[in-house]
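Me: Hi! I'm new to reading protein models and could use some company. Could we go through this one together?

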Amino acid sequence: MNFRLTPEGDGTLLSTETRVLNTDPATRRAFALYWGFMRAGSGMIRHDLLRAIAKKVATTAG
């Protein structure tokens, strides 16, 4: 997982990115199956994490 901070207007945009390298067709198929089950939960965790960071920034910034 990667976190990226990008200046935007008067603030900063925090985003996340997950990169995966599938080196062969069998790995690609296995990962597609795995990701089909994990995607929703991963998205919720990421969303909650970003929301918690935003809340912390809001309470400490002013």
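Me: Let's start with charged pairs. How many salt bridges does the structure hold?
Reply: The structure holds three salt bridges. Keep in mind that this is a predicted model.

Me: OK, which residue does Arg4 pair with in a salt bridge?
Reply: Arg4 pairs with Glu17, and their closest N and O atoms are 3.5 Å apart. Arg4 sits in strand S1, residues 2-8, while Glu17 belongs to strand S2, residues 11-17, so this salt bridge ties together parts that are 13 residues apart in sequence.

Me: Is Arg4 buried, partly exposed or exposed?
Reply: Arg4 is partly exposed, because its relative accessible area is 41%. Partly exposed covers the range between under 20%, which is buried, and over 50%, which is exposed.

Me: And what about Glu17, how accessible is that one?
Reply: Glu17 has 31% relative accessibility, so it counts as partly exposed as well.

Me: What else does Arg4 touch, if I skip residues up to four places away in sequence?
Reply: With those left out, Arg4 touches Leu13, Leu14, Ser15 and Glu17. There is also a distance to look at with Thr16: the C-alpha atoms of Arg4 and Thr16 are 6.1 Å apart in space, although the two residues are 12 apart in sequence.

Me: Back to the salt bridges. Which residue meets Arg19 in one?
Reply: That is Glu17 again, with a distance of 3.2 Å from N to O. Arg19 counts as exposed, because its relative accessibility is 60%.

Me: And the remaining pair, where is Arg51 in the chain?
Reply: Arg51 is in helix H1. It forms a salt bridge with Asp48, where the closest N and O atoms are 3.5 Å apart.

Me: Why are Arg51 and Asp48 separated by about one helical turn?
Reply: Because they are three residues apart in helix H1, which runs over residues 25-61. Arg51 is partly exposed, with a relative accessible area of 49%. Asp48 also counts as partly exposed, at 44% relative accessibility.

Me: Which residues do shared partners join into one network?
Reply: Arg4, Glu17 and Arg19 are joined into one network by salt bridges that share partners.

Me: Nice. Let me zoom out now. How many helices and strands does the protein chain have?
Reply: The protein chain has one helix and two strands. Along the sequence, the pattern is β-β-α.

Me: What are the spans of the chain along its principal axes?
Reply: The C-alpha trace spans about 50 × 20 × 15 Å. For the radius of gyration, the protein chain has 16 Å, whereas a compact globule of 62 residues would have a value near 11 Å.

Me: Is there any stretch along the helix I can put a distance on? How far are the C-alpha atoms of Arg51 and Ala61 separated?
Reply: They are separated by 15 Å, with the two residues 10 apart along the chain.

Me: And Thr59, where is that found?
Reply: Thr59 is found in helix H1. It is exposed, with a relative accessible area of 57%. Thr59 and Leu5 are 54 residues apart in sequence, and their C-alpha atoms are 19 Å apart in space.

Me: Switching to the whole chain, what percentage of its residues count as buried?
Reply: Of the 62 residues, 3% count as buried. The chain exposes about 5400 Å², and carbon and sulfur atoms supply 62% of that area.

Me: What about contacts between residues far along the sequence from each other? What share comes from residues 24 or more positions apart?
Reply: Those residues account for 26% of the contacts with a separation of 6 or more.

Me: Last one: how many positive and negative side chains are there?
Reply: The protein chain has 9 positive and 5 negative side chains. The centres of the two sets lie 7 Å apart.

Me: Thanks, that really helps!
Reply: Happy to help. Have fun exploring the model!

Conventions. Residues are numbered from 1 along each chain as its sequence is written. This is a predicted model: local features need pLDDT of at least 70, side-chain atom pairs count only at pLDDT 80 or more; totals for chains, interfaces and linings use all residues. Side-chain values use heavy atoms; hydrogens and water are left out. Helices (H or I, at least four residues) and strands (E, at least two) are DSSP runs, numbered from the N terminus. The radius of gyration is taken over C-alpha atoms; the globule rule is 2.2 Å times the number of residues to the power 0.38. Buried means under 20% relative accessible area, exposed over 50%, partly exposed in between (1.4 Å probe, protein chains only). Contact means heavy atoms within 4.5 Å. Accessible areas come from the Shrake-Rupley method with a 1.4 Å probe; for residues, only the protein chains shown count as cover. Lys and Arg count as positive and Asp and Glu as negative; His and the chain ends are not counted. The place of a charge is taken as NZ of Lys, CZ of Arg, CG of Asp or CD of Glu. A salt bridge is a side-chain nitrogen of Lys or Arg within 4 Å of a carboxyl oxygen of Asp or Glu.
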